[in-house]
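Trainee: Could we go through this model together? I would like to start with the ligand and then turn to the cysteines.

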Amino acid sequence: MSPSENGTSVVSCIAALEQRIEAACLLADRKRSEVALVAVSKKKPATMIREAYRIGLRDFGENYAQELRDKASQLTDLAELRWHFIGPLQRNKAQHVVGQAAVIHSVDSLPLLERVDRLAQGRGVVQDLLFQLNISGEASKSGAPPDALPELVQAASSLSHVRCVGLMTMPPLGASPRIAAPLFRRLRQLRDGLLADACATCVHLSIGMSGDFEAAIEHGATVVRIGSLIFGERHS
Ligand SMILES: *Cc1c(COP(=O)(O)O)cnc(C)c1O
């Protein structure tokens with residue numbers, strides 16, 4: 001058993017992370033309560049989620065639709081747990097996620113948005129979601145181009161079972177905080193523009209992972225998505 005598969009270690013990792021988040025908030029002159037921590041549990045067992053929940057974490061992020069469905073069914077007793085779906089979402093997998101995830105962070109196309117709306121309607125819920133943007137223009141990545149945003153926001157406001165609550169982006173794999181910072185800044189400008197005009201509910205900025213969350217907090221993150229610093233490295 002590696003140290004990170006042991007519950008005590010999840011607890012101490014969260015304590016160390018919490019100190020760094022608090023320090024980053026202090027530096028950025030922000031309140032700790034302005035930044036929600038989503039613990040990214042993809043590829044980690046439900047037992048580790050239980051450990052984190054036991055010491056107070058409530059928000060957990062998953063990347064794969066079936067994995068979310070399976071873990072949710074193992075953890076139904078954790079009444080206050082909120083799932084965040086953060087991975088690329090295929091339209092034919094969306095039924096595992098809509099209504100199950102409190103927030104879907106990765107809506108990046110009109111057809112996907114419409115599919116989510118239809119599924120949410122069928123379940124009698126309004127699905128909160130973030131639009132994921134590909135700010136760096138990197139070819140291989142998911143996320144809509146920023147110029148598609150007005151159309152997406154317009155569409156969301158005309159649909160009755162989805163609600164846009166913010167924006168998400170992911171820097172290129174392995175990018176340093178220095179590379180990530182201008183992308184975060186750009187996302188924030190886009191969010192501010194929507195808030196002032198087209199979308200009053202678009203409050204969240206879902207940015208920041210294990211390698212760059214301090215920079216993300218400096219640039220206005222309201223949600224950080226952190227996996228390996230809590231649960232250890234993933235071996236796929
Ligand atoms: C895996 C993942 C994370 C967490 O990454 P870490 O570097 O382990 O903190 C955050 N966001 C998304 C979209 C991810 O896929």
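Mentor: A molecule sits in a pocket if more than half of its atoms lie within 2 Å of the pocket's grid points. Keep in mind that this is a predicted model.

Trainee: Where does the ligand sit?

Mentor: Apply that criterion to the ligand. The site is the largest pocket.

Trainee: How much of the ligand's accessible area does the protein cover, and which side chains have an N or O atom 2.8 Å from a ligand atom?

Mentor: Start with Ser 210, where a side-chain N or O atom is 2.6 Å from a ligand oxygen. The ligand has 390 Å² of accessible area on its own, and the protein covers 92% of that. At 2.8 Å, a ligand nitrogen faces Arg 225, and a ligand oxygen faces Arg 234.

Trainee: How do the residues of the shell around the ligand divide?

Mentor: The ligand has 13 residues around it, with Lys 42 and Asn 63 among those that come nearest. The shell divides into three charged, four polar and six nonpolar.

Trainee: Why is Cys 13 in no disulfide?

Mentor: A disulfide is a covalent bond between the sulfur atoms of two cysteines. The whole structure has zero disulfides. For Cys 13, the closest cysteine sulfur is in Cys 25, and it is too far for a bond, at 19 Å.

Trainee: Is Cys 202 buried or exposed, and how far away is the nearest cysteine sulfur?

Mentor: Cys 202 has a relative accessible area of 0%, so it is buried. Cys 202 is in no disulfide either. A pair must be within 2.5 Å to count. The sulfur of Cys 164 is the nearest, at 4.1 Å.

Terms used: Residues numbered from 1 in each chain as written. Predicted model: local features only at pLDDT ≥ 70, side-chain atom pairs only at ≥ 80, totals over all residues. Heavy atoms only, no water. Near = heavy atom within 4 Å. Polar contact = N/O pair within 3.5 Å; in protein donor to acceptor, adjacent residues only side chain to side chain. Areas by Shrake-Rupley, 256 points an atom, 1.4 Å probe, with all protein chains shown as cover. 1 Å grid on protein atoms, 1.4 Å probe; cavity = no way out; pocket = protein on both sides within 12 Å on 5 of 7 lines; lining within 4 Å. Nonpolar A, V, L, I, M, F, W, Y, C, P; charged D, E, K, R; others polar. Buried < 20%, exposed > 50% of the residue type's maximum accessible area, 1.4 Å probe, protein only.
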